Amino acid sequence: MEDRYGPRVPIECSAVFAGESGIGEGRVLDLSSPGCLMESPEAAKPGDYVRLKVGLPDGEPAVDVPLAVVR
């Protein structure tokens with residue numbers, strides 16, 4: 001089966017988010033064209049808007065996503 005939006009790229013890096021449900025930390029497990037898969041012990045509800053900062057491996061600068069929606 002083909003991915004709906006394009007290929008998912010496996011990655012493991014840290015992330016911090018802030019939004020309607022609060023502030024939390026987690027790990028990004030994969031990236032794709034429209035988004036990412038993230039796991040976190042802190043709860044974020046589907047439909048919440050968040051700001052996301054993803055720390056990239058190999059010393060690359062962090063990626064700041066000013067507005068994202070939890071799906």
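**Strands, salt bridges and a pocket**

Asp30 is buried, with a relative accessible area of 11%. In this predicted model, that residue makes a good starting point for a tour. Asp30 forms a salt bridge with Arg8, and their closest N and O atoms are 3.2 Å apart. The two partners come from distant parts of the chain, 22 residues apart: Asp30 belongs to strand S2, and Arg8 to the segment before S1. Arg8 is partly exposed, at a relative accessible area of 48%, whereas Asp30 falls in the buried class because its 11% is under the 20% cut-off.

Strand S2, the home of Asp30, also pairs with its neighbours in sequence. Strand S1, residues 9-19, runs antiparallel to S2, and nine bridges join the two. A hairpin of two residues leads from S1 to S2, and Gly19 has Gly22 in S2 as its bridge partner. On to S3: here too the pairing with S2 is antiparallel, this time over five bridges, and again two residues lie between the strands of the hairpin. Within this pairing, Arg27 has Glu39 in S3 as its bridge partner.

Arg27 appears again among the salt bridges, of which the model has four. Glu12 forms a salt bridge with Arg27, with the closest N and O atoms 2.6 Å apart. This contact links strand S1, which holds Glu12, to strand S2, which holds Arg27, across 15 residues of the chain. Glu12 is exposed, at 55% relative accessible area, while Arg27 is partly exposed, at 32%. Together with Glu39, Glu12 and Arg27 are linked in a network of salt bridges.

Another salt bridge is found further along the chain. Asp64 forms a salt bridge with Arg51, and the closest N and O atoms are 2.5 Å apart. Asp64 lies in strand S5 and Arg51 in strand S4, so the pair ties together parts that are 13 residues apart in sequence. Both partners are partly exposed: Asp64 has a relative accessibility of 35%, and Arg51 one of 45%.

Several of these strands come together again around the largest pocket, whose volume is about 870 Å³. It is lined by 26 residues, and those closest to its centre are Gly35, Cys36, Leu37, Val69 and Arg71. Strands S2 (22-32), S3 (35-39), S4 (49-54) and S5 (63-69) each contribute at least two residues to the lining. By character, the lining comprises 17 nonpolar, four polar and five charged residues.

Definitions and conventions. Residues numbered from 1 in each chain as written. Predicted model: local features only at pLDDT ≥ 70, side-chain atom pairs only at ≥ 80, totals over all residues. Heavy atoms only, no water. 1 Å grid on protein atoms, 1.4 Å probe; cavity = no way out; pocket = protein on both sides within 12 Å on 5 of 7 lines; lining within 4 Å. Points joined across faces, edges and corners; volume = space filled by probe spheres on them. Helix = DSSP H or I, 4+ residues; strand = E, 2+ residues; numbered from the N terminus. Nonpolar A, V, L, I, M, F, W, Y, C, P; charged D, E, K, R; others polar. Pairing = 2+ DSSP bridges. Salt bridge = Lys/Arg side-chain N within 4 Å of Asp/Glu carboxyl O. Buried < 20%, exposed > 50% of the residue type's maximum accessible area, 1.4 Å probe, protein only.
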